[in-house]
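Biologist: Could you take me through one part of this model up close, the opening helix and whatever packs around it? I'd like one connected story rather than a list.

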Amino acid sequence: MLGSKIRALREQQHLSQRRFALMAGTSQSYLWEIETGRASVGLDVLCSMADALGVPVKDLIDF
C-alpha cells in the first residue's frame, strides 16, 4: 500500500520515476521496487520522498 500511495502522489504531480528518484536522492530502480511492493523503505528514504513530494511523512503512511 505504501508503494501505491507514493506512486499516486508522484503521478498527481506529473513526476516521472526518474525525476522523482533524483529529487528523493535514490535510484529509479529502487523507486520502482518500492512502488511495486518489492522493497522495504527505511525512514530516511521515506522522509526524503515526503520532502521531494512536499507532503508530511504521515501522508505517505496514512492508508
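**A close look at helix H1**

Modeller: Reading along the sequence, you get the pattern α-α-α-α-α for the protein chain. That is five helices and zero strands, and keep in mind that this is a predicted model. The radius of gyration is 10 Å, close to the 11 Å that the globule rule gives for 63 residues, so the chain is as compact as a globular protein of that length. If you prefer a box, the C-alpha trace spans about 25 × 25 × 20 Å along its principal axes. Of the 63 residues, 33% are buried. Take the contacts between residues at least 6 apart in sequence, and 49% of them join residues at least 24 apart.

Now for your helix. H1 covers residues 2–12, and its buried residues are Gly 3, Ile 6, Leu 9 and Arg 10. Looking down the axis of H1, those buried residues fall within an arc of 135°, so they line one face of the helix. The background is simple helix geometry: an α-helix has 3.6 residues a turn, so residues three or four places apart point the same way. What covers the buried residues of H1 includes helix H2 (17–24), H3, H4 and helix H5 (57–61). After H1 comes His 14, with a positive phi near 55°.

The residue I'd zoom in on is Arg 10, which sits in helix H1. Its relative accessible area is 6%, and it counts as buried because the cut-off is under 20%. Leaving aside neighbours within four places in sequence, Arg 10 is in contact with Leu 15, Ser 16, Gln 17, Phe 20, Leu 31, Glu 35 and Leu 53. As for charge across the chain, there are 7 positive and 7 negative side chains, and the centres of the two sets lie 6 Å apart.

Follow one of those contacts, Gln 17, and you land in helix H2. Gln 17 is buried too, with a relative accessible area of 18%. Not counting residues up to four places away in sequence, Gln 17 touches Arg 10, Gln 28, Leu 31, Trp 32 and Glu 35. Leu 31 and Glu 35 therefore turn up in the contact lists of both Arg 10 and Gln 17.

That leads straight into H3, where Leu 31, Ile 34 and Glu 35 are buried. These three cover an arc of only 95° around the axis, which puts them on the same side of H3. The buried residues of H3 pack against H1, H2 and H4, so H1 and H3 each appear in the other's packing list. Just after H3, Gly 37 takes a positive phi of about 80°.

One last stop brings us back to H1. Ala 39 lies in the loop between helix H3 (28–35) and helix H4 (43–53). At 21% relative accessibility, Ala 39 counts as partly exposed. Apart from neighbours within four places in sequence, Ala 39 is in contact with Tyr 30, Glu 33 and Ile 34. The C-alpha atoms of Ala 39 and Gly 3 are separated by 9.1 Å, though the two are 36 residues apart along the chain. Gly 3, remember, is one of the buried residues of H1.

As for the outside, the protein chain exposes about 4000 Å², with carbon and sulfur atoms supplying 50% of it.

Terms used. Residues are numbered from 1 along each chain as its sequence is written. This is a predicted model: local features need pLDDT of at least 70, side-chain atom pairs count only at pLDDT 80 or more; totals for chains, interfaces and linings use all residues. Side-chain values use heavy atoms; hydrogens and water are left out. Helices (H or I, at least four residues) and strands (E, at least two) are DSSP runs, numbered from the N terminus. The radius of gyration is taken over C-alpha atoms; the globule rule is 2.2 Å times the number of residues to the power 0.38. Buried means under 20% relative accessible area, exposed over 50%, partly exposed in between (1.4 Å probe, protein chains only). Contact means heavy atoms within 4.5 Å. Accessible areas come from the Shrake-Rupley method with a 1.4 Å probe; for residues, only the protein chains shown count as cover. Lys and Arg count as positive and Asp and Glu as negative; His and the chain ends are not counted. The place of a charge is taken as NZ of Lys, CZ of Arg, CG of Asp or CD of Glu. The arc is that of the directions from the helix axis to the C-beta atoms.
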